[in-house]
Structure formats: structure tokens, C-alpha cells
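Got your viewer open? Load the model and follow along, stop by stop.

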Amino acid sequence: MAHLTKTAYLAYTQCRKAFWMAAYRPHLAAPPDPATQRRLRAGQEVDVRARGQFPDGRTIPYRPHPEEMASLTAQAIAEGATTLFQATFHTADLLVKVDILTRTADGWHLIEVKSSTRYKPEEHLPDVAFQWYVLQQAGLPLAQASLMHLNGDCRHPDFSNLYALTDITAEVQVYLPQVAADVIVMRETMGQTETPVVGIGRHCRQPYACAYYAHCWQGVAGATIYDVPYLKRPTEQQLDTDGIRYVADIPPDFALGDKRAAAFVTQLRQQQTAVDADAIRRELAALTYPLYFFDFETIDYAIPTFTGCKPYQQAPFQYSCHVLHADGTLTHHVYLHTTPDDPRRPLIHSLLEHIGETGSIIVYHAPFEKGRLRELADAFPEHATRLLDMVDRLWDQLDIFKKHYRDYRFGGSNSLKSVLPVVAPALSYQSLAVQNGQQAQVVWEQMVGEGDTAVKEQLAAQLRAYCHLDTLAMVEIHRTLVNL
Ligand code: SF4
């Protein structure tokens, strides 16, 4: 029988079927995409670096058989080790490896290292509680459980406060009976030879995108009840019980409870479009030429890499800017940093050349660009006046689609990727190698580290094409709005 590990437990807490599939049908799991792999690598880096906080620590060496690692752990404890990394405990069918285990006067302190910047109970509590449960079963006297996470106040290059420790002993104690009950069901489930019957639902995407999503959702076409925003859980369960999967099948007299959920369903079912052309005209009247259609691409690092940056601070490495002049002419500017050093200063120099001192700066989801411009102003105060002036000139095209333009074909989203195919269908992201910001991060890291000039240029061209389309899309959407 497969071991009940922490990974298995976390899969179980999301979905019993996913837990069973991981043991019996692992070949049906989708491999992690490059963005997920990047996140996992960052997590490993954070974990390994955290060990530096414990100079007396001993790492339990990897062995293919966890029983051997458990023996080495027992031996290290018997020898008086004060801190262990990857301490392994195996009892009956339960198995865990602990990031950091350190001895205190009252017993052992279990420390789980996470690359997040705060304790997230819904994700981290089951994780740590399962480890505590197994260590307790193995007879280890425990005194404390903590989460060691990144500290959002840390600034590169001073890493003296890179980590923060949150004591969660009390929460873990309260959660332990839940773990005990779950282990019983996990054992029963693991004994089954048939796939557990679990329907699809929001749990397939939350808290993590399930690796079996493509398998379980095959054949599902059209908007489902799990796509309806603001739908309350009991209402959704009622629809589930009634065997209703698609929005189109919800009876017209069914009480959806929430007004926003009902509006979404009505719009979709009646294929409604609601465009307030007068309000849009009033919003557009606030714009002043030249119009700068602008978009940043950014890179973030769990452990900050550039001076003054905190964990996960988004440092811009690229922008695209289409400029629409009053006479209708359109010009384009781009900046792409192509080396792995800090891209911000040269990017600012380019930005100040390309964006003049008058004219509206049109972005899609202004808080993002606003935040980046303010961070650049903080980091490079000599340019703060011009950068903060740009903040004041930002105009958010997204607001039009939040307030005055709704279309059932947006599918309940008003992201640029959802709006573009409806409002300016001549443009499409479909054929691009880079299709979203996370992919852009992965490709940028590849590109700056690439030694082959031809490959590097190919990757750079992919990034330019993606960012170029983002701002050209805004131009085309603007033209459609003007012509309403
Ligand atoms: S896709 Fe959904 S139903 Fe299928 S295993 Fe994953 S969480 Fe469970």
C-alpha cells in the first residue's frame, strides 16, 4: 500500500478522488506547467536557504527508501542532534519529512518552511497539523509548531530579516482531531479498487488547480454552475443535487439568492449585451492626446534579487507603448531588458524618452501600473517627479468594462483576454508563443540566461510580440469604443 504522506494528505483535503488518483492513476495527471515549475523551484530555494538560520543543523541524507531515512533520523536524535533538516518519520502507513526540527528544553519544535509572505491557515494548517499528528504517532515529544515564511519587510541586499516565524501551535492542536478523522477515511479510500465518485466543482481549481482537471472535465463544454460568480455554496449544492451542471439548464424560476449571480445567469442565458454609449462617451472625453497605450511586463523573485526589492516585488523588465496622436497616426515604442541584471534604471531612461509630458496614459487594470510606477519612483527618487506625474495621468480602460459595457460573451470576466475576442475580434493571442504574464516571466528568465544568440533573439521576439499585442489590443478596443 502506498504511504500516506503530507502531499497525499493535502491532495485529500482538496478532493478524495485526486488523492486516490495520485496513488492508482498517476499517469492521468497533467505535468506542472513552466510557471508552476518556476514557483516550485522558488519554494525549494526558500527552503534550502532557511536552513542557514540553524548553523548547528544536520541534513538527513536522501535515500530512495524512506524507512532508511527514518532510521537515520532516529540515529541522529539518539546521538543528540539539536536541529535536523528533512527529519523523516515513518509509522504504519504514515510518512512525513519535516523541513526543520529543532530541540528545545520542552520538546521538539516543528518548523514548516513556506515561500509565502504570511501564514495562510486554509493552506498551511492542514499541512503542519498532519506532520504533528505523524510525529506524535511516532512517539516524538513535541512542544511547538511554527511556520517559517518570507518577511515582506525584508529588502535586498539585507537578508538578516528574510524570514519570519509564526507560532501556530494552538491552531494545530485544535486541528488534530480533524487529521485523525481524515486518516481513517484516507485509509478506507486507499483500500478501494474503484475510482471514488466525486463530481467536478470549484474544488477542482481551489486552493490549487488540480492535476486531474483535464481528465475529469473532459467533455464539459459551456458555462457551468461553477463559473457563476457570487453563487452561495448551499445554492450550488442544491443545483448539484438537482443534476444541473450548466447555466443554460438552470430553471428560470430557480432562486439564485445573490443578485450578482442572478444577473450573470440572466445575461448569459438571454445572451445580453449592455452598453451605455453615453457614459462611455463621457469617460472618453476626459482623455487628452497623445494617447499612450501602455503595459509593463514584470519579474518577481521570492528571494529578492535587485537592490531595495522585497520578496515578490514586481520589477518591470519590459514595456510596450502605442502612441495614438490627435491626427490618427499610431507609433510604437518598446523596451525589453535582455540581460539578467537589474532592468529598472535603463527601463526608466527609455520610458522617459518615450512618454512625453502631456497626454493620457491608457492601461488595463491601472492599480498594477500605478504600483510599479510608484515603486520605481521610490527606488529612483531622481526620477520620482516624472514617474509620479505618469501615475496621475493613468486612465483605466478596464473601468469601461466594469461599469458601462457588459457582454455575455465575456464569460463573466472583464480581463483583456476575455474582452478582446468580442470587442476587437481581428486580434488574437491564440498564435503567440507567450500568452500571459506568467509565461512571459518564464521566457524572460530563459532569454536572459541564453548563450545562443539566435535562440535568445527568438525568445526576445516572443516577448516583444506578446507585449506589443497587449497594447495594440487596447488601441483597437479604444477605436471600437470611440465608434460606438
Ligand atoms: S479535477 Fe476535480 S474532481 Fe477531478 S480529481 Fe481533481 S479536484 Fe477531484
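Of the 484 residues in the protein chain, 46% are buried, where buried means under 20% relative accessible area, exposed means over 50% and partly exposed is in between (1.4 Å probe, protein chains only). Keep in mind that this is a predicted model: local features need pLDDT of at least 70, side-chain atom pairs count only at pLDDT 80 or more, and totals for chains, interfaces and linings use all residues. Residues are numbered from 1 along each chain as its sequence is written, and side-chain values use heavy atoms, with hydrogens and water left out.

**Whole chain**

Switch to cartoon and you'll have 17 helices and 13 strands to look at; these are DSSP runs, numbered from the N terminus, with helices being H or I of at least four residues and strands E of at least two. The C-alpha trace spans about 80 × 60 × 45 Å along its principal axes. Now turn on contacts, meaning heavy atoms within 4.5 Å: of those between residues at least 6 apart in sequence, 67% join residues at least 24 apart.

**Aromatic pairs**

Next, select the Phe, Tyr and Trp rings. They pair if their centres lie within 6.5 Å (six-membered ring for Trp), and planes under 30 degrees apart count as stacked, over 60 as edge-to-face and the rest as tilted. That rule gives 16 aromatic pairs. Zoom in on Y12 and F19, an edge-to-face pair with 5.8 Å between centres and 85 degrees between planes. Both Y12 and F19 are buried. Then jump to F294 and F296, also edge-to-face, at 4.8 Å centre to centre and 80 degrees. F294 counts as buried because its relative accessible area is 2%, and F296 is buried at 2% as well. Back at Y12 and F19, add Y9 and F130 to your selection: the four form one aromatic cluster.

**Charges over rings**

What sits over the ring of Y230? Show R260 and you'll find its charged end there, 3.8 Å from the ring centre. K417 does likewise with Y429, at 4.5 Å. To count, NZ of Lys or CZ of Arg has to be within 6 Å of the ring centre and within 35 degrees of the ring normal.

**Last stop: I348**

Select I348 in helix α11, residues 344-354. Is I348 buried or exposed? Buried, because its relative accessible area is 0%. Beyond its neighbours within four places in sequence, I348 contacts L376, F380, H383 and L387. Draw a C-alpha to C-alpha line from I348 to F380 and it should read 9.0 Å, for two residues 32 apart in sequence.
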